[in-house]
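Colleague: Could you take me on a close look at one helix and the loop that follows it? I am new to reading structures, so please explain the terms as you go.

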Amino acid sequence: MSRLDTLMARGTAFLGSEVAIMCGAMSWISERHLVSAISNAGGFGLIACGAMTPALLDTEIAETKKRTDKPFGVNLITMHPDLKALIAVCTKHRVTHVVLAGGLPPAGSIDAIKGSGAKLICFAPALSLAKKLIRSGVDALVIEGSEAGGHIGPVSTSVLAQEILPEVSSQVPVFIAGGIGRGEAIAAYLEMGAAGVQLGTRFACATESIAHANFKKAFFRASARDAVSSVQIDPRLPVIPVRALKNAGTELFTAKQVEVARSIDDGGLAMAEAQLQIEHYWAGALRRAVIDGDVENGSLMAGQSVGMVKTEEPVADIIAALVREASVALDSRA
């Protein structure tokens, strides 16, 4: 075994993949075509359920299974109103890995997922939450820093890795995410104790990605500093920041927050419904950019590694390059 194989062994054993590289769940992008391509290329694909209905998820899993016989997982959002039904769909299809994102798992969700035989992965944006999730019975963690695209926390990947890995990596496999665009970074996190990594932005413009040509071109033109975090307008409205390429859609989200805050003031909107409206806004804005190609008014969610995305490449080539870079880095330090 190479040094890279040795360091990835725990992650590959957990995922059932050839390399411990997971694809981040990107709504509208991480669907049957990209997910199956990543799994077929030796990585681990994740279906982004996002705002899907149970019926839509049922179809997506079935279509993905037609395209790959390799392991893949499903990413579910904890605040989804039909979470129980979505878990049931995963159970029906014997999905091997389920990722819960967006906060602490609701009551009963952990037992339902683990009871189906699936392995449960959760996001841990802080050491205290990582320890709590492990006590709750999760099988693995993803540590995602603020460099990532989409919903983010306030702390960088490198700081979170230093804080959390020494404390919990001996207990469960930990995957690092956020700002990873090359294999050298993968090698460094593996040496720190990570079982593997998760990348989203690097795969968003793959040949197999169904993202609109306009969306991909926006990524190719962007640099790291173009991927900015959204601003919270009203402190009463707990909006999780989102990192995306700055465009007119950024201002539209600001206006949406003002609209929702006014509805709360008027008594016409409960806080839970307000948060759901914000999530629905992002789902719609992302679709406009990814599917319709409206890169001005839609949401161009991207991590700061977007500056390393320069051209459209097959998934297999992306994974091969990442593995080659990581191997060279590790060998040079041997």
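**A helix and its surroundings**

Modeller: Let's start with His93, which sits in the loop between α4 and β4. Before going further, a word on the model: it is predicted, so local features need pLDDT of at least 70 and side-chain atom pairs count only at pLDDT 80 or more, while totals for chains, interfaces and linings use all residues. Residues are numbered from 1 along each chain as its sequence is written, and side-chain values use heavy atoms, with hydrogens and water left out. The names of helices (H or I, at least four residues) and strands (E, at least two) come from DSSP runs, numbered from the N terminus.

Is His93 buried or exposed? Its relative accessibility is 11%, so His93 counts as buried. Here buried means under 20% relative accessible area, exposed means over 50%, and partly exposed is in between, with a 1.4 Å probe and protein chains only. Setting aside residues up to four places away in sequence, His93 touches Asp58, Ile61, Ala62 and Lys65. A contact like this is counted when heavy atoms are within 4.5 Å.

Now step back into the helix itself. α4 covers residues 83-92, and its buried residues include Leu83, Leu86, Ile87, Val89 and Cys90. Seen down the axis of α4, these buried residues fall within an arc of 155°, so they line one face of the helix. The arc is taken from the directions that run from the helix axis to the C-beta atoms. There is a handy rule behind this pattern: an α-helix has 3.6 residues a turn, so residues three or four places apart point the same way. On the other side of α4 you will find Lys84 and Lys92, which are exposed.

What covers the buried residues of α4? The cover includes two helices, α3 (54-67) and α5 (109-115), together with two strands, β3 (72-77) and β4 (97-101). After the helix comes Arg94, and its phi is positive, near 55°.

Cys90 is a good residue to zoom in on, since it belongs to α4. Its relative accessible area is 3%, so Cys90 is buried. Leaving out neighbours within four places in sequence, Cys90 is in contact with Leu57, Ile61, Val74, Leu76, Val95 and Val98. To set a scale, look at Gln304: its C-alpha atom is 32 Å from that of Cys90, and the two residues are 214 apart along the chain.

A second cysteine, Cys49, is worth finding too, in the loop between β2 (45-48) and α3. With 2% relative accessibility, Cys49 counts as buried. Not counting residues up to four places away in sequence, Cys49 touches Leu57, Val74, Asn75, Leu76 and Leu86. Leu86 is one of the buried residues of α4, so Cys49 links back to our helix by a contact with Leu86. Cys49 also lies 8.0 Å from Ala25, C-alpha to C-alpha, with their positions 24 residues apart in sequence.

Let's finish with Lys119, which lies in strand β5 (residues 119-123). Lys119 is partly exposed, having a relative accessible area of 30%. Among the residues that Lys119 touches, beyond those up to four places away in sequence, are Thr96, His97 and Val98. The rest of that list is Ala13, Phe14 and Asp139. Val98 has come up before, as a contact of Cys90. The C-alpha atoms of Lys119 and Val138 are separated by 7.8 Å, although the two residues are 19 apart along the chain.

So, to trace the tour once more on your screen: begin at His93 in its loop, go back to the buried face of α4 with Cys90, turn the helix to see exposed Lys84 and Lys92, then visit Cys49 and end at Lys119 in β5.
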